[in-house]
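Here are my notes on the contacts between the chains and on the packing inside them. Please read them with the coordinates open.

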Amino acid sequence: MIIQTENPALEIHDLTVSYDRKPVLWGIDLSVPYGSICGIIGPNGAGKSTLIKSVMGLIPLSSGYIKIFNQELDEIRLKVSYVPQRESVDWDFPASVLDIVMMGRYGKVGLFRNIRKADKEAAMNALEQVGMEKFYRRQISQLSGGQQQRVFLARALTQQADIYFMDEPFAGVDAATEKAIIQILRRLAGEGKTIVVVHHDLQSVSTYFNWIIMLNLRLVASGPTEKVFTQQLLEEAYGGKLTLLSEVGELMKKEQVPTRE
Amino acid sequence: MNAILIILTGSLVAISCSLLGSYLILRKMAMVSDAISHAVLPGIVIAFMMAGGRDSLALLLGAGILGILTTFLIEFFHQKGKLQTDASIGVTFTWLFALGVILVSYYAGNAHIDQDCVLYGEIAYVPLDVIILDSGQSLGPKALIVMSVVLVLILLFIKVSYKELFITTFDPSFANAVGISATFWHYALMSLVSLTTVASFESVGAILVVALLITPPATAYLITERLKKMLIISSAFGVSSAVFGYLLAYTIDGSIAGAMATVAGIQFAIVFVIMKKVNKARTRSAVLSLESEPTS
Ligand SMILES: Nc1ncnc2c1ncn2[C@@H]1O[C@H](COP(=O)(O)OP(=O)(O)O)[C@@H](O)[C@H]1O
Ligand SMILES: [Mg+2]
């Protein structure tokens, strides 16, 4: 079930992506409305990270096109923010928290120019938003998983973008961090920003997201959560994984009472 | 006077190597320098044959081209061939080096060239090889001048593109996402590594170049928590390897390059042992302070 939206923030048309000629995603056709918090869900290896990387122009597309705010990525790169999977970098790198968060400004600062005071202030401001301002001088190797994720989020916030793509920001973080992150995402969405998040925890899907992209190499569903987060579509996406499926069934029952917060 | 010239040249090589080596280590590409220092051999031999002698500029050019080709091949096999980086490095430099060895043995009969003079260039001869102008005035040892130019280039490169190198080393995907090409900066850095390797090893030999590219930065990495400090500290360890290495060689009347590499290794060992103790103490205090960290 693929529900399109008029005048979307993100539009993907007939997208096919391959690694070594082996297609990993094919025939993806979807749109995501402005101001939504959109979850990308699907089993391991479904191509969730691949989808985000293609949107960020990190992988060549075999076919199709992607438009953000009805423009090519290159035209509006400064309006687009990216949070890679936390494990994608070496956290033993000799850098401070502030060093990393400041990277969010590099695109704006431009080639061969130095960081200015305003950039530092923006970075400190972002650290305050994620509750990490006290840690700005700490080496990144001395952070917990949740704190690392907050630093990545702060780096994205300093980009002051209009659309955010995040790869598993809730993976391996403590409950307090998860709550802090979702609050920030809601505030951003309230300001009209669009958020697209790869997510693996089906329990929280219906409380966190108002739009869902369900993937399993091909697109299983895309649309408002209440329309596409159904037992039948989940079975289609996670097909075959029986233990998981019965778990999902249980979850769906619980989800009838939206009390989680 | 000769001692000072040798130490000075050694220090220039050491600082150049330590600076670039810091980036190589953080990019997990330390062994690329080893590959380059071997893979340039065929370039040197071919340049030697074409120039008809030890024309330094021709040798530098031949080696430089091969050095850059090596970094391209390593990246090519890694990206397109899906080889692990280390396998890709191994494949690339062994056959290029072998090609060089064949060329050397083939031409050795009619030319003054042998592996020793390329791979184990002798820093002790630095003061002897001076540049003399047509007017008969001496400019100073060639190696000293070449290495000064190389070091200035490296310092400029790092100063001007510090943040580009920083972001593409830490998080290449994010760099690409904000419009800073990780590939471009990879090749820019590798070209400079090739140049430095080639320029240094004519004067100090390949083994010392590789030792200085890896050991001082690895030592600094154990100590520091900031990239800027790592660059400074590894340069300092590089210089002290050159100074104490010379003194050691003088005392035992041994190979200067060998002594410098040895001192670099000893420094690493000492720092390694000390930092192990320090980290143990740190972990203990970190556990105690865990409760005081704010969570939201
Ligand atoms: N760099 C790569 N080269 C080859 N195959 C890859 C690469 N990255 C991912 N894949 C494959 O593509 C598929 C989708 O991966 P990914 O997008 O990471 O899935 P997800 O994020 O949903 O777990 C998997 O089968 C994975 O093995
Ligand atoms: Mg993934």
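1. Polar contacts across the interface. Eleven residue pairs are in polar contact across the interface of chain A and chain B, with both partners at pLDDT 80 or more. The model is predicted, and every value below is computed from it.

2. Elements on the chain A side. Three helices of chain A each give two or more residues to the side that touches chain B: helix 2 (97-102), helix 3 (106-109) and helix 5 (145-158). Helix 5 of chain A has the largest share, with four residues. By class, this side of chain A has 18 nonpolar, eight polar and eleven charged residues.

3. Salt bridges. How many salt bridges are there between chain A and chain B? The count is two. In a salt bridge between the chains, the side chain of Asp90(A) meets that of Lys28(B), at 3.0 Å from N to O.

4. Extent of the interface. On chain A, 37 residues are in contact with chain B, where the partners number 30. The size of an interface is often given as the accessible area lost when the parts come together. Here the area buried between chain A and chain B is about 3000 Å². Carbon and sulfur atoms give 63% of that area. Which three residues supply more than any other three of the area that chain A buries against chain B? They are Phe93(A), Pro94(A) and Tyr106(A), with 23%.

5. Arg77(A). This residue is found in the loop between strand 4 (63-68) and strand 5 (80-83) of chain A. Its side chain makes a polar contact of 2.7 Å with the side chain of Asp74(A). Leaving out residues up to four places away in sequence, Arg77(A) touches Met56(A) in its own chain. On chain B, Arg77(A) touches Asn176(B), Ala177(B), Val178(B) and Gly179(B).

6. The largest nonpolar core. In soluble globular proteins, nonpolar side chains tend to be buried together. The largest nonpolar core here has 167 residues. Those with the most contacts inside it are Ile68(A), Phe165(A), Leu185(A) and Met214(A). Helix 1 (residues 2-26) of chain B gives the most to this core, with 13 residues.

7. Around Ile68(A). Again without residues up to four places away in sequence, Ile68(A) touches Ala9(A), Leu10(A), Val55(A), Leu73(A), Ile76(A), Val80(A), Ile163(A) and Phe165(A).

8. A second core. A separate core has five residues, among them Leu41(B), Val45(B), Leu103(B) and Val104(B).

Terms used: Residues are numbered from 1 along each chain as its sequence is written. Chains are lettered from A and ligands numbered from 1 in the order in which they are written. This is a predicted model: local features need pLDDT of at least 70, side-chain atom pairs count only at pLDDT 80 or more; totals for chains, interfaces and linings use all residues. Side-chain values use heavy atoms; hydrogens and water are left out. Contact means heavy atoms within 4.5 Å. Buried area is the accessible area (1.4 Å probe) that two parts lose on being put together, summed over both. A salt bridge is a side-chain nitrogen of Lys or Arg within 4 Å of a carboxyl oxygen of Asp or Glu. A polar contact is a pair of N or O atoms within 3.5 Å; within protein, one must be able to donate a hydrogen and the other to accept it, and residues adjacent in sequence count only if both atoms are side-chain atoms. Ala, Val, Leu, Ile, Met, Phe, Trp, Tyr, Cys and Pro count as nonpolar, Asp, Glu, Lys and Arg as charged, and the others, Gly among them, as polar. A nonpolar core is a set of buried Ala, Val, Leu, Ile, Met, Phe, Trp, Tyr and Cys residues joined through side-chain atoms within 4.5 Å. Buried means under 20% relative accessible area, exposed over 50%, partly exposed in between (1.4 Å probe, protein chains only).
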